[in-house]
Amino acid sequence: MTTAHWSTQDTHAGPFTAIVAPDGAVLASGWTSDVDELVPVMSPSLRPGELREKRDLGTVTTAVRRYHQGEFDAVDAIAVRQRSGEFLSHAWDVLRTVPAGKSVTYTELAALAGRPDAVRAAASACARNACALFVPCHRVLRVGGAMGGFRWGVDVKRRLLAHERPA
């Protein structure tokens, strides 16, 4: 039985919780103080047998704090683990290349992921992303710049984009 650890920390965008595997990879994360909201978004094959709260998740806790203090690339090196089909997995990898302060449309994400006609699949990659912040789906907008949806609320998405905007 695998035991994963979780922690919640306060951020300017609200409470942020991460679930981390024994090897340090993020399995799920988002702007919530309720760890039970994160478990269902993980692939069933990755769900740990037991979850234990831990105040400090080491490099993950440090990276989240540094990101919210303005060091946007602090989260880039943190390992994540998600499972799905080939396109969604690739789209999540592509999302990790979109730098802070930049955004892409769902159409552009589909093209960057190698399937320009798969706009709905690109949107699905964002909707099914279990590792928010580390896989920055908040940087994906609708054509014309509209916010689109965000699992953690459009207000959080707006705050994150404003936080990343160059001064």
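Buried means under 20% relative accessible area, exposed means over 50%, and partly exposed lies in between. Keep these cut-offs at hand for the exercises below, and remember that the structure is a predicted model.

**Exercise 1. A salt bridge between helix and loop**

Task: Find out where E164 and R139 sit, and decide whether each is buried or exposed.

Solution:
- Step 1. Start with the pairing: E164 and R139 form a salt bridge, and their closest N and O atoms are 2.9 Å apart.
- Step 2. Next, place the partners. E164 belongs to helix α5 (residues 154-164), while R139 is in the loop between α4 (119-127) and β6 (140-141). The two are 25 residues apart, so this pair links distant parts of the chain.
- Step 3. Now use the cut-off. E164 has a relative accessibility of 3%, so E164 counts as buried. R139 has a relative accessible area of 3%, and therefore R139 is buried.

A general idea helps here: side chains of opposite charge can pair when their charged atoms come close.

**Exercise 2. Two further salt bridges**

Task: The whole structure holds five salt bridges. For the one between D23 and R81, work out which parts of the chain are linked.

Solution:
- Step 1. Look at the distance: the closest N and O atoms of D23 and R81 are 2.5 Å apart.
- Step 2. Locate the ends. D23 is in the loop between β2 (16-20) and β3 (26-30), and R81 is in the loop between α1 and α2. With these positions 58 residues apart, distant parts of the chain are linked.
- Step 3. Classify them. D23 is exposed at 52% relative accessible area, whereas R81, at 27%, is partly exposed.

Task: What separates R159 and D155 in helix α5?

Solution:
- Step 1. The side chains of R159 and D155 meet in a salt bridge of 3.4 Å, N to O.
- Step 2. Both residues lie in helix α5, four residues apart, so about one helical turn separates them.
- Step 3. R159 is partly exposed at 39% relative accessibility, and D155 is partly exposed at 46%.

**Exercise 3. A residue in a loop**

Task: Describe the surroundings of Q82, and say whether Q82 is buried or exposed.

Solution:
- Step 1. Q82 is in the loop between α1 and α2.
- Step 2. The relative accessible area of Q82 is 17%, so Q82 is buried.
- Step 3. Check the polar partners. The side chains of Q82 and N129 are joined by a polar contact of 3.1 Å. A polar atom of the Q82 side chain also lies 2.7 Å from the backbone nitrogen of A130.
- Step 4. Beyond its neighbours within four places in sequence, Q82 is in contact with several residues, including L46, W92, C131 and V135.

For comparison, try E71 in the loop between α1 (59-68) and α2 (86-95). With a relative accessible area of 34%, E71 is partly exposed.

**Exercise 4. Reading a sheet**

Task: In what order do the four strands of the open sheet stand, and which ones are at the edges?

Solution:
- Step 1. The order is β3-β2-β1-β4, with mixed pairing.
- Step 2. β3 and β4 (50-53) each have a single partner strand, so they stand at the edges, and one side of each is left without a neighbour in the sheet.
- Step 3. On average, neighbouring strands of this sheet are turned by 20° against each other, direction ignored.
- Step 4. Zoom in on one pair: β1 (residues 3-9) and β4 are parallel and share four bridges. Here H5 stands opposite R52 in β4.

Terms used. Residues are numbered from 1 along each chain as its sequence is written. This is a predicted model: local features need pLDDT of at least 70, side-chain atom pairs count only at pLDDT 80 or more; totals for chains, interfaces and linings use all residues. Side-chain values use heavy atoms; hydrogens and water are left out. Buried means under 20% relative accessible area, exposed over 50%, partly exposed in between (1.4 Å probe, protein chains only). A polar contact is a pair of N or O atoms within 3.5 Å; within protein, one must be able to donate a hydrogen and the other to accept it, and residues adjacent in sequence count only if both atoms are side-chain atoms. Contact means heavy atoms within 4.5 Å. A salt bridge is a side-chain nitrogen of Lys or Arg within 4 Å of a carboxyl oxygen of Asp or Glu. Two strands pair if DSSP finds at least two bridges between them. Axes are lines fitted to C-alpha atoms, for helices over the stretch in contact, and angles run from 0 to 180 degrees between N-to-C directions.
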